[in-house]
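Reader: I should like to examine how the terms applied to this fold are justified. Please take the strand pairing as the point of departure.

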Amino acid sequence: MIIVRILSKCSNFLFYRHQASKLFIYRRQHLILGIESTFDDTGAAVIDGNGKVLGEALFTHANYYTKTGGVEAFKAQDIHHEQLPLVVSEAMHQAGASFQDLDAIATATKPGLYLSLKEGLEYSKSLITEHKLPFIPVHHMEAHLLTARMINPEIKFPFLTLLISGGHCLLCVALELGNYLVLGKCLDKPPGAAIDRVARAIYPSQRATACRRRNGKYLEDVAKNGDRRKIEIRLPVMKHHHHSCDFSFSGLLSNTMMKVDELEESSHADIAASFQHSLSAHVVRQVSRAIVYSEQRGWFHNNNHNNVLVASGGVACNSYIRSQLQEVCQHFGWKLLCPPPKLCTDNGTMIAWTGLEYWRRNRGISSDPMAERYQAKCDVGPYISDQVKEAAVKIPNFSTKHIHHGA
């Protein structure tokens, strides 16, 4: 009986010692809570000073919009209002941390849907007021841009990045934390939105209400069974943006929808394959121009030929586009690095990581959190497309089936 009591006391001692050890680790290391609510995903994550994800939670709104096919701002706001406390609580629970263990809260405050941003910022302000925590406002696109550094420590500044998603398409040079140059951006319909539209158009009628989250994957799967050479869908020439790194997908979308209307359903696979190829060819052509321009500017001359292209965003998960980017990088002697698919879409982890990047450098911490405002539109850095056009960069001819249409 005495032995049992001794063992019980030892067991309790070891348990409390373990708990105390956990608290000591939390207080010794940085702990950042990240909150994401810029569009139609409600996310939260807790990471430590080494970039390890201790807890994460994500609620996607996709099923609420299957009938309309698009995000409703007021509905999104209501969902964020309901889900923000839940995802934060879940992330904190998984991390085994309390708000007293946190060093700071980082929240995406720009760009995005203004009502979604408003909900996230107001909730964050309530937390930092209650728990007296530092606040780090985060640029949503910068978070996408930096996430790969959490997974691949070999990514050092400077590097080139392609952010390609349902709402954006940017080519940026990341010179240093907080110092980015936008070489090119999408001038009209974003690539992910174009893919979504085509996918819904070629869906069999009985599946027209399927979840839009799967539209990109559906189009990619259909395209695998098609022959792009049977139906040529060309990208219209960008007359006023020759030699630029800008993107335009509206003309390609219009030409594709004409083919969908003209041809039978039996041709949908070929249409999907041709559309996907033309979209990809446009992307890799602009990436090629950005690589040549960047090398000419000498931004990477200290990289010892370890130049990196980071491709992030939901569309970067497309295996066909990724394979083409890989070929282009191999031609130029660059390395292609991509975050895992779950970090390519919106999430709280990328916000927490960006907050940590700034916290480590004692930068970006708001001096007056209550005065912080959300911004629906905000570039991640200076837009230098005119400088790119003036350079009149010529893309070298090289053997790849991906760059040239009809190859």
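Author: In this predicted model, strand β2 (residues 41-48) pairs with β3 in the antiparallel sense over 7 bridges. Within that pairing, A44 stands opposite A57 in β3.

Reader: What makes β2 and β3 a pair?

Author: Two strands count as paired if DSSP finds at least two bridges between them. β2 and β3 have 7 bridges, therefore the criterion is met.

Reader: How do you know that β4 and β5 pair, and in which sense?

Author: The same definition applies, with a threshold of at least two bridges. Strand β4 (residues 104-110) and β5 share 5 bridges in the parallel sense, so they also qualify as a pair. Here A108 stands opposite V138 in β5.

Reader: Why are β3 and β5 called edge strands?

Author: The open sheet has 5 strands in the order β3-β2-β1-β4-β5, and its pairing is mixed. β3 (53-60) and β5 each pair on one side only, and they are the edge strands. From one strand to the next, the twist averages 20 degrees.

Reader: What makes strand β5 largely enclosed?

Author: A residue is buried when its relative accessible area is under 20%. In β5 (residues 135-139), 4 of the 5 residues are buried, so the strand is largely enclosed by the rest of the structure.

Reader: Which helices touch or cross the sheet?

Author: Helix α3 packs on the sheet and touches β1 (31-36), β4 and β5, its direction making about 160 degrees with that of β4. Helix α11 (residues 348-360) lies across β1, β2, β3, β4 and β5, at about 135 degrees to β1.

Key
Residues are numbered from 1 along each chain as its sequence is written. This is a predicted model: local features need pLDDT of at least 70, side-chain atom pairs count only at pLDDT 80 or more; totals for chains, interfaces and linings use all residues. Side-chain values use heavy atoms; hydrogens and water are left out. Buried means under 20% relative accessible area, exposed over 50%, partly exposed in between (1.4 Å probe, protein chains only). Helices (H or I, at least four residues) and strands (E, at least two) are DSSP runs, numbered from the N terminus. Axes are lines fitted to C-alpha atoms, for helices over the stretch in contact, and angles run from 0 to 180 degrees between N-to-C directions. Contact means heavy atoms within 4.5 Å.
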